[in-house]
Amino acid sequence: MTALDTPAEDLARPAVPAVRITGARRVFAAELAPVRALRGVHFEVGPGEFVAVMGPSGCGKSTLLNVIAGLDTVDEGTVEVAGERVDGRDQDWLARFRRHRIGFVFQFFNLLDGVSALDNLVLPGVLGGMGRRAAESRGRDLLDILGLGDRTAQLPSSLSGGQRQRLAIARALVNRPGLLLADEPTGALDSEGGAEVLELFRRLHEDGQTIVMVTHSPEVAAGADRAVRMRDGRVVDDGATATGPTAAGSDAAESGAAGGPS
Ligand SMILES: Nc1ncnc2c1ncn2[C@@H]1O[C@H](COP(=O)(O)OP(=O)(O)OP(=O)(O)O)[C@@H](O)[C@H]1O
């Protein structure tokens, strides 16, 4: 098994969508009027798909990602990840779920600045149930694969933006999550750093990793298989990108494995 392999559980259940959301509604209380962040969202992601979520500021993209990750909850509707219901769970269940099943990449990296690049990976590994040695070995493997093998002892603050985001992606992968979620992963990077990160996502995707990425950038979205557009809390468009499976004429797209909203 390589460090980037798809988790065995996903290979064993290829027919189960990686994400399935039906009729999701989320309303936030606000001073003037309630904000309807999600207004009946249907959204499905097939195993191994790389999906970009786009749309204007405030249309509900981060809320969508957060309800998939169990960082926020829906008021109505259902959220399933790899066939398991995420909505309606208690905080302990959600914490375990996030630790083992979800890798989350943030716009501003959210790395621990006081510890080395390697320890940024060892800590979540240990929290995820690995022994320290196993977590160190996993961390070193990931740093090698992600082109940071000579940076193990460096503090995140001494890395470039692109390197920091690659480290944050390595951290998200430590516990071999079935699903990688990324909220504007290139938003804080210059074009070179953004290209590095997109290239890494493409490699992970080719290795079978399921990825859902929020982005404002059409260039970044074009690197995904499929682009979903949201507006005012709804999915308004959903289709293959130029690099997606339809463009390549693959059977997967034609058989519906790319998965549109149901
Ligand atoms: N915790 C919250 N409390 C109140 N309102 C919220 C909360 N979280 C999000 N909202 C509101 O819900 C709406 C959707 O927010 P969300 O962050 O999902 O949008 P977005 O599409 O990700 O925006 P951006 O591209 O600017 O990040 C916005 O109007 C936002 O202000």
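Reader: Let's start with Val105. Which residue is its bridge partner in β7?

Author: Ala182 is the bridge partner of Val105 in β7. Keep in mind that we're looking at a predicted model. That pair belongs to a ladder of four bridges joining β6 to strand β7, residues 179–183, and the two strands run parallel.

Reader: And what is the strand order of the sheet they sit in?

Author: It goes β6-β7-β8-β3-β9-β10, an open sheet of six strands with mixed pairing. β6 (102–105) and β10 are at the edges with a single partner strand each, so one side of each has no neighbour in the sheet. From one strand to the next, the twist averages 15 degrees.

Reader: When I look along a strand, how should I think about the side chains?

Author: Here's the general idea: in a regular strand, side chains alternate between the two faces of the sheet. For this sheet, try following the pairs around β9. Strand β3 (residues 50–54) runs parallel to strand β9 (residues 226–231), and four bridges join them. Ala52 stands opposite Ala227 in β9.

Reader: Moving on to β10, does it run parallel or antiparallel to β9?

Author: Antiparallel, with six bridges joining β9 to strand β10, residues 234–240. Arg226 stands opposite Ala240 in β10. The hairpin of β9 and β10 has two residues between the strands, and Asp232 there takes a positive phi near 50 degrees.

Reader: There's another sheet too. What order do its strands have?

Author: That one is an open sheet of four strands, ordered β2-β1-β4-β5, with antiparallel pairing. Its edge strands, β2 (35–45) and β5 (84–85), pair on one side only. Take β1 (residues 19–28) and β4 (residues 76–81) as your example: five bridges hold that antiparallel pair. Within it, Ile21 has Val79 of β4 as its bridge partner.

Reader: Which helix lies across those strands?

Author: Helix α2, residues 61–69, lies across β1, β2 and β4, and it runs at about 60 degrees to β2.

Reader: I care about the ligand, of course. Which residues are around it?

Author: Reading along the chain, you'll find Phe28, Ala30, Val35, Ala37, Gly55, Ser57, Gly58, Cys59, Gly60, Lys61, Ser62 and Thr63 around the ligand. The elements giving two or more residues to this shell are β2 and α2. The largest share, three residues, comes from α2.

Reader: How do the residues of that shell divide by character?

Author: Five are nonpolar, six are polar and one is charged.

Reader: Now the helices. How do I describe two that pack together?

Author: You describe two packed helices by the angle between their axes and the distance between the axes. Try helix α4 (residues 117–127) with helix α6 (residues 161–173): the angle is about 20 degrees and the axes are 8 Å apart. Angles under 35 degrees count as roughly parallel, so α4 is roughly parallel to α6. Their crossing is right-handed.

Reader: Which residues of α4 and α6 meet?

Author: From α4 you have Ala117, Asn120, Leu121 and Pro124, and they meet Leu167, Ala170 and Arg171 in α6. The residues of this contact divide into five nonpolar, one polar and one charged.

Reader: What about α4 and α5: at what angle do they pack?

Author: α4 and helix α5 (residues 132–145) pack at about 130 degrees, with their axes 8 Å apart. That makes α4 oblique to α5. The crossing is right-handed. Among the contact residues are Leu118, Val122 and Val126 of α4 and Ala135, Leu142 and Leu143 of α5. By character, the contact of α4 with α5 divides into eight nonpolar, two polar and four charged.

Reader: One last pair, α6 and α7. How far apart are their axes?

Author: The axes of α6 and helix α7 (residues 191–206) are 8 Å apart, and the angle is about 25 degrees. That makes α6 roughly parallel to α7. Here, too, you can check the handedness: the crossing of α6 and α7 is right-handed. On the α6 side the contact is made by Gly161, Gly162, Gln165, Arg166 and Ile169, and on the α7 side by Glu192, Gly193, Glu196, Val197 and Leu200. Those residues divide into three nonpolar, four polar and three charged.

Definitions and conventions: Residues numbered from 1 in each chain as written. Predicted model: local features only at pLDDT ≥ 70, side-chain atom pairs only at ≥ 80, totals over all residues. Axes fitted to C-alpha atoms, helices over the stretch in contact; angles between N-to-C directions. Parallel < 35°, antiparallel > 145°, perpendicular 65-115°, else oblique. Left-handed = near helix turned anticlockwise from the far one by under 90°. Contact = placed C-beta atoms within 7 Å. Nonpolar A, V, L, I, M, F, W, Y, C, P; charged D, E, K, R; others polar. Pairing = 2+ DSSP bridges. Near = placed C-beta within 6 Å.
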